[in-house]
Amino acid sequence: MKSEPITFSISHLKKLKRSGWEGVRNYQARNFMRDEMKKDDLVFFYHSNCDIPAIVGLMRVYKESHPDPTQFEKESEYYDPLATKENPRWFMVGLEFVVEFKEAISLQQIKNQIDLQNLQLVKKGSRLSVHPVPDKEAKIILKMAGLN
DNA sequence: GCCAACGTTGGC
DNA sequence: GCCAACGTTGGC
């Protein structure tokens, strides 16, 4: 999952311990959260749109898909006038902090890794902020992070 | 700040 | 249903 660190970084999550992943307003990303993410799944935290785009740590799903409350809040930048409580459009999962990597794994490093070229992240033009990471790739990333 | 790639909107 | 125009993402 991607987040701009200026908005919400792994340090924020570390401090909060747990947080809802609110503000996703892309259908494909929503569908992954709503349909694929299960309790206790591990999730990579990626910092996007910053000095060194990188995978910076791990989170875990503690709460499966539920409506993103910010879609109902008029004052929120994520407000969606077309969403109703009876028929919400946007969903999110709850995530808890697991670990911050001692050394972040930069996008450059990922691009240099021949075995990681199938990751959505490195596919040209991929902007999807939520997407699955297959086991094979996940293991490689964890190894790069010094975890097993 | 630039811009390629992608997603969404809305007229027709 | 097509597609041009526009908006957003995100690396560089």
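**Glu22, Ser19 and two DNA strands**

Biologist: Which residues does Glu22 touch, not counting residues up to four places away in sequence?
Modeller: Bear in mind that this is a predicted model, where local features need pLDDT of at least 70, side-chain atom pairs count only at pLDDT 80 or more, and totals for chains, interfaces and linings use all residues, while side-chain values use heavy atoms and leave out hydrogens and water. Residues are numbered from 1 along each chain as its sequence is written, with chains lettered from A and ligands numbered from 1 in the order in which they are written. Contact means heavy atoms within 4.5 Å. Leaving out residues up to four places away in sequence, Glu22 touches Asp68, Thr70 and Met92.

Biologist: Is Glu22 buried, exposed or partly exposed?
Modeller: Glu22 sits in the loop between E2 and helix H2 (27-36); helices (H or I, at least four residues) and strands (E, at least two) are DSSP runs, numbered from the N terminus. Buried means under 20% relative accessible area, exposed over 50%, and partly exposed in between, using a 1.4 Å probe and protein chains only. Glu22 has 42% relative accessibility, so it counts as partly exposed.

Biologist: Why does Ser19 count as buried?
Modeller: Ser19 belongs to strand E2 (residues 18-20). Beyond residues up to four places away in sequence, Ser19 touches Phe8, Leu13, Tyr62, Val93, Gly94 and Leu95. It counts as buried because its relative accessibility is 14%.

Biologist: On to the DNA. How far is the polar side-chain atom of Lys124 from a phosphate oxygen of DNA strand B?
Modeller: A residue is near a strand if one of its heavy atoms lies within 4 Å of it, and the residues around DNA strand B include Lys124 and Arg127. A polar contact is a pair of N or O atoms within 3.5 Å. Arg127 has a polar side-chain atom 2.6 Å from a base oxygen of DNA strand B. For Lys124 and the phosphate oxygen, the distance is 3.1 Å.

Biologist: Which residue has a side-chain N or O atom 2.4 Å from a base oxygen of DNA strand C?
Modeller: Let's go through some of the polar pairs. A polar side-chain atom of Lys2 is 3.0 Å from a phosphate oxygen of DNA strand C, and a backbone N or O atom of Asn49 is 2.8 Å from a phosphate oxygen of that strand. The base oxygen, at 2.4 Å, pairs with the side chain of Arg127.

Biologist: What share of the atoms of DNA strand C within 4 Å of the protein belongs to sugar or phosphate?
Modeller: Around DNA strand C we find Lys2, Tyr46, Ser48, Asn49, Pro53, Leu107, Lys111 and Arg127. Of the strand's atoms within 4 Å of the protein, some belong to bases, but the share in sugar or phosphate is 71%.

Notes:
Polar contact = N/O pair within 3.5 Å; in protein donor to acceptor, adjacent residues only side chain to side chain.
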